[in-house]
Amino acid sequence: MDTKLKKELDLVDAVITDYQKNNSTDKTCLYCGEKMEMGKQNSFYEVRCPKGCISETFRGI
């Protein structure tokens with residue numbers, strides 16, 4: 001697996017874990033340093049950087 005992709009997936013996983021425990025996260029984007037966000041729309045979840053550097057959408061956690 002590409003190391004860049006692995007780092008992004010590890011960050012997304014860390015954001016999800018934070019949200020499950022604290023309903024918030026202090027994790028920041030690997031590229032721009034902005035605070036990561038997590039949202040839910042219908043049955044889909046999205047973890048993203050507000051500037052669009054990283055965005056992962058998935059169903060359920």
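Helices (H or I, at least four residues) and strands (E, at least two) are DSSP runs, numbered from the N terminus. Two strands are said to pair if DSSP finds at least two bridges between them. The structure is a predicted model, in which local features need pLDDT of at least 70 and side-chain atom pairs count only at pLDDT 80 or more, while totals for chains, interfaces and linings use all residues. Residues are numbered from 1 along each chain as its sequence is written, and side-chain values use heavy atoms, with hydrogens and water left out.

Begin with the loop between α1 (3-22) and β1, where Asn23 is found. Asn23 has a phi near 60°, which is positive although the residue is not glycine. Asn23 is also exposed, at a relative accessible area of 62%; the classes are buried (under 20% relative accessible area), exposed (over 50%) and partly exposed (in between), with a 1.4 Å probe and protein chains only.

Next comes the pairing of the strands. Strand β1 (residues 37-41) runs antiparallel to β2, and five bridges join them. The two strands form a hairpin with two residues between them. Asn42 lies in that turn and has a positive phi of about 55°. With 70% relative accessibility, Asn42 counts as exposed.

Strand β2 (residues 44-48) has two faces: Tyr45 and Val47 are on the covered one, and Phe44, Glu46 and Arg48 are on the uncovered one. In a regular strand the side chains alternate between the two faces of the sheet.

On its other side, β2 pairs with strand β3 (residues 55-59), again in the antiparallel sense and over five bridges. Glu46 can be used to follow the register: Gly39 stands opposite Glu46, and Glu46 stands opposite Thr57 in β3. The hairpin of β2 and β3 has six residues between the strands, and Gly52 there takes a positive phi near 90°.

The cysteines remain. How many disulfides does a search of the whole structure find? The search finds zero, a disulfide being a pair of cysteine sulfur atoms within 2.5 Å. Such a link is a covalent bond between the sulfur atoms of two cysteines. The closest cysteine sulfur to that of Cys29 belongs to Cys49 and is 3.8 Å away, so the two are too far apart for a bond. Cys53 is in no disulfide either, since its nearest cysteine sulfur, that of Cys29, is 3.9 Å away. Cys29 is buried, with a relative accessible area of 5%, whereas Cys53 is partly exposed, with 36%.
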